[in-house]
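Colleague: Got a minute to go through this model with me? I'd like to start with the helix packing.

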Amino acid sequence: EIKAPAIINQAVIDLITKVPETYTRWLVVDYPPDWFDGMAELADLESIFPKNQQIFISQQKLPRMIPEIFYRLPSAAGLAMDECLVVDPDTPRATAAMRHGLAAIIYVYPERLKHEFALQGIWQTDADVMHPTSSERVKI
């Protein structure tokens with residue numbers, strides 16, 4: 001029952017594949033490896049995230065998930081914390097990552113992720129990401 005609704009968010013994967021190759025892409029997996037393998041095979045994730053760029057949280061042997069995971073991810077990737085950016089749909093977890101010094105983007109929907117990548121300087125866009133229509137000040 002738990003595995004049945006688990007799917008790969010193809011829109012996110014499509015956006016991640018457009019991130020310039022100057023950025024190393026890592027996949028952090030919070031499913032057990034045997035659950036993930038079937039999903040990954042269907043989505044051909046290994047072509048985007050080779051096995052040596054996949055971090056399984058369940059294999060990290062953490063005494064506590066939070067905050068230890070935020071320090072473990074950069075070291076598992078062989079990077080300094082300030083070289084990392086986490087994209088996470090879980091708002092509390094992304095917020096906690098930021099509180100512990102790891103830059104994070106809360107994934108909401110694909111267009112918003114494009115804007116976040118533009119704001120981070122990861123890619124260029126002609127879209128008005130600084131003042132989208134939905135955030136105009138309302139006159140009361």
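Colleague: How do H1 and H5 lie to each other, roughly parallel or roughly perpendicular?

Modeller: This is a predicted model. The axes of H1, residues 10-17, and H5, residues 110-119, cross at roughly 25 degrees. Angles under 35 degrees count as roughly parallel, so H1 and H5 are roughly parallel to each other.

Colleague: What distance do the axes of H1 and H5 come within?

Modeller: They come within 10 Å.

Colleague: And is the crossing of H1 and H5 left-handed or right-handed?

Modeller: The crossing of H1 and H5 is right-handed.

Colleague: Which residues meet there, in H1 and in H5?

Modeller: H1 brings Ala11, Val12, Leu15 and Ile16. On the H5 side they meet Pro110, Leu113, Lys114 and Phe117. By class, that contact has seven nonpolar residues, no polar ones and one charged.

Colleague: New topic, pockets. What volume does the largest pocket have?

Modeller: The largest pocket has a volume of about 1400 Å³. Its lining counts 47 residues.

Colleague: Which of those are closest to the centre of the largest pocket?

Modeller: Trp26, Leu27, Val28, Val86 and Val87.

Colleague: Which elements give two or more residues to the lining?

Modeller: The helices are H1, H2 (33-43), H3 (68-77) and H4 (91-99). The strands are S1 (27-29) and S3 (85-88).

Colleague: Which one gives the most?

Modeller: H3, with five residues.

Colleague: How many nonpolar, polar and charged residues are in that lining?

Modeller: The lining of the largest pocket has 36 nonpolar, four polar and seven charged residues.

Colleague: Now the loops. Where is Ser58?

Modeller: Ser58 sits in the loop between S2 (54-56) and H3. Beyond its neighbours within four places in sequence, Ser58 is in contact with Tyr31, Pro32 and Pro33.

Colleague: And how many Å apart are Ser58 and Gly38?

Modeller: They are 17 Å apart, C-alpha to C-alpha, with a sequence separation of 20 residues.

Colleague: What about backbone oddities?

Modeller: Two to look at. Most residues other than glycine have a negative phi, and most peptide bonds are trans. Asp44 is not a glycine, yet has a positive phi of about 55 degrees. Asp44 lies in the loop between H2 and S2.

Colleague: And the peptide bond from Ile66 to Pro67, cis or trans?

Modeller: The bond from Ile66 to Pro67 is cis, with omega near 15 degrees. Pro67 belongs to the loop between S2 and H3, and Ser58 is in that loop too.

Colleague: Last one, the overall layout. How many helices and strands does the protein chain have?

Modeller: The chain has five helices and four strands. Along the sequence the pattern reads α-β-α-β-α-β-α-β-α.

Colleague: And what does the C-alpha trace span along its principal axes?

Modeller: About 50 × 35 × 35 Å.

Note on methods:
Residues are numbered from 1 along each chain as its sequence is written. This is a predicted model: local features need pLDDT of at least 70, side-chain atom pairs count only at pLDDT 80 or more; totals for chains, interfaces and linings use all residues. Side-chain values use heavy atoms; hydrogens and water are left out. Axes are lines fitted to C-alpha atoms, for helices over the stretch in contact, and angles run from 0 to 180 degrees between N-to-C directions. Angles under 35 degrees count as roughly parallel, over 145 as roughly antiparallel, 65 to 115 as roughly perpendicular and the rest as oblique. A crossing is left-handed if the near helix is turned anticlockwise from the far one by less than a right angle, and right-handed if clockwise. Contact means heavy atoms within 4.5 Å. Ala, Val, Leu, Ile, Met, Phe, Trp, Tyr, Cys and Pro count as nonpolar, Asp, Glu, Lys and Arg as charged, and the others, Gly among them, as polar. On a 1 Å grid over the protein atoms alone, a cavity is a set of points where a 1.4 Å probe fits but cannot get out, and a pocket is an open set with protein on both sides within 12 Å along at least five of seven lines; lining residues have an atom within 4 Å of a point. Grid points are joined across faces, edges and corners, and a volume is the space filled by probe spheres set on the points.
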